[in-house]
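This report describes enclosed spaces and one sheet in a protein model. The structure comes first, and the description follows.

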Amino acid sequence: MKQVVQNYKSGELALLDVPVPGCKPGGVLVRTAYSLISTGTELMKVSEAGMSMLGKARSRPDQVAKVVRSVAANGVPATYRKVMGKLDSYTPLGYSLCGVVEEVGAGTDDVKVGDLVACAGNEHALHAEVNWVPKNLYAPVPDGLAPRHAAFGTVGSIALQGVRQGESRLGEVALVVGLGLIGQLVTQLLTASGVRVVGADPDPARCELATRLGAVACGDPASSAVESAVAELTDGHGADQVYLAAGGGSNQPVELAARLSRDRGRVVDIGKCRLDLPWNAYYEKELDVRFSRSYGPGRYDPEYELEGRDYPIGHVRWTERRNLACFLDLVARGRVDVEPLVSHVAEFDDAVEAYRRLKDGELKAVAVLFRYPGHPVETVPPEVGVPAVRRGTTAPTPSRAAGTPVRLAFVGAGNYATSMLLPHLAGRDGVELSTVVTTTALSGANAQRKFGFGEATTDLDAVLEDASVDAVFVVTRHNSHAELTRKALLAGKAVFVEKPLALTGEELDRVVAAVEESGNDRLQVGFNRRFAPLLVEAGKRFGPRTGPANLRYLVNAGRLDPGSWYLRQQTEGSRFAGEGGHFVDTASRLLGADPVSVYATASPGNEDLQVVLGYPDGSTATLSYVTTGPSGFPKETLDLVADGRALRLDDFVRASVYEGRRRTWVSSRLPKARDKGQVAELAAFVRAVRTGGPMPVPLQSLVATTAATLAVGASLAAGAPVTLAGAR
């Protein structure tokens, strides 16, 4: 299928051939009929991509701050690879469309194949021939509403949520600043609510359009016409509400709002404009400044948007999905007219040219629609066939002969895979990147382009059936690791699964059962720290020990961003279950054994953990996993004491060994040279696959580390130590 994409580094726009996305549970697969270009938001994104690197940094200071934090935690090379990888990737465009349901995922019963739906979301309602859309981001199109009009659903929801934030009442007067696409819709919604509207925009054509669609008066904000109209309609008191639907770097909209608002009026920010509030003006009128968050309640909440968990209507009357359905109903009943807003309809095959004309100013438009192949111009819902979804396949080839490259397939191509694994495999002698499997088409296409995969697909089964694939890398969300690993083992593949191996004891049991059923134990978990050159060298310098050891490991994990998927514990497990195996494995590597007991305590909320691991020879390892530490402190510090000697490791940058009164060895690296072992880990795995020799870490150790990590939760629940049955 085809999809509109942009390279944020170069600014290149392309209509790319990508695999069709898979139909996951909790949503539907939709073949697009019409999608809408947001001439404000999308063109701003397109313009940003054309800036210099300095210009991009100035436009996104929030992202610059993230880069600085990443440098402190991971060093310059890893951060550079991650940042440049994200910049030099194709990113999608679009977030508002209408299409036909082609496939219904498990757990979805409110629509059926062939239904017409309007879809929302900048990750799900893309300018693409087929999209997978979760349940709370689509709404059925009312009978009689044309697909080209239903494609306005998302931007209509944005305007509707802004009007709701203004709490307009019958007979009030509102000022709408900015009469682009959102401003025109806000004007119509307010008019339909019995509110008299004055519009402000420097473009006479947009002012004329808003007047035709219901505004009482419109004019250039720099003229006296707008101020006179507001004064006349309000007897000089000022507007009850001001809606800021403008963009750009001017502070004029905010200043105009202060001047023309009544005492204790409401100012609602819907667009993305400069907001340097003139303090005296806002203070003296005690103005109520409000923000409108996109489509409505549920936006940016992954449990609502991705998992389909609705908010009770008694607590949240208007959610994203309810706003979407409400706007479609208003258009279907003729209370809002979107047809006059359509400046141009472009064939989807001409999408890149349409963007160029918009960017260059050649095409002056309020709204531009893409019409997709097979969908006619009619303004009534057409009879649309439901063609079968095609997914990529890999033709079986003979097994790898001696001396030929190891053929690797990747399941997942997210940030970690593309920044920490694939750069070390692409171009490596003796390695061929065969296939990348993703659920979203564009991520697979990006990985194929950047790292040279032979194929991108959404069909995992075909890859597992391909006899020429020697090994499968599982680098997906945590809750899928165990099942994907089990399938790959049963298919006879060597498997590299990024941590964690499993999130529950039951999942771990199923992985082990797959090994037993298939006789295939070719498994490696991404516990990379044990391969870190500095840790390996420090262990050698410390030397063998004769008595028990005490190990202290402080992990300054830091707080998560509010939108992090680590917070979705019901589906992704606890944060420690997800990454704690790293630290358990590192301790076990230094102590030369697997843990036999686990005792854990936690601060309120289970954010900061103290975990004590017991080992067969009486050694102990205390892991302090904290989220409340300062961001400037190293992420990982480790001390090992035994037999009158001590080893200290500071964040994989500096290591020392002490004996008696003196330091016997020290090694330092620049922070930018921090190496946490990924390169050596991958080399060891590829070597084992090529030669058929033992895997880098014994399977029993991988299982023991995973069981110990999961036992932390059991110990917290019981308030007592947990013995690991069968551990040795």
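A search of the whole structure, which is a predicted model, finds 2 cavities of 30 Å³ or more. The table sets them side by side.

| Cavity | Volume | Nonpolar lining | Polar lining | Charged lining |
|---|---|---|---|---|
| Largest cavity | about 50 Å³ | 5 residues | 4 residues | no residues |
| Second largest cavity | about 40 Å³ | 4 residues | 3 residues | 2 residues |

The lining of the largest cavity consists of Pro500, Leu501, Ala502, Phe527, Ala577, Gly581, Thr705, Thr706 and Thr709. Two or more of these residues come from each of helix 22 (575-591) and helix 24 (699-718). Helix 24 has the largest share, 3 residues.

Around the second largest cavity are Ala120, Asn136, Leu137, Thr154, Ser157, Tyr295, Glu320, Arg321 and Leu324. Helix 6 (153-166) and helix 13 (320-332) each contribute at least two residues to this lining, and helix 13 gives the most, with 3 residues.

The sheet is a separate topic. It is open, has 6 strands in the order 19-18-17-20-21-22, and its pairing is parallel. Strand 19 (455-457) and strand 22 (523-525) form the edges, each pairing on one side only. On average, neighbouring strands are turned by 20° against each other, direction ignored.

At one edge, strand 22 pairs with strand 21 (residues 494-497) in the parallel sense over 3 bridges. Phe496 has Gln524 in strand 22 as its bridge partner. Helix 18 (residues 481-490) packs on the sheet and touches strand 17 (406-411), strand 20 (471-474), strand 21 and strand 22. The direction of helix 18 makes about 165° with that of strand 21.

Definitions and conventions. Residues numbered from 1 in each chain as written. Predicted model: local features only at pLDDT ≥ 70, side-chain atom pairs only at ≥ 80, totals over all residues. Heavy atoms only, no water. Pairing = 2+ DSSP bridges. Helix = DSSP H or I, 4+ residues; strand = E, 2+ residues; numbered from the N terminus. Axes fitted to C-alpha atoms, helices over the stretch in contact; angles between N-to-C directions. Contact = heavy atoms within 4.5 Å. 1 Å grid on protein atoms, 1.4 Å probe; cavity = no way out; pocket = protein on both sides within 12 Å on 5 of 7 lines; lining within 4 Å. Points joined across faces, edges and corners; volume = space filled by probe spheres on them. Nonpolar A, V, L, I, M, F, W, Y, C, P; charged D, E, K, R; others polar.
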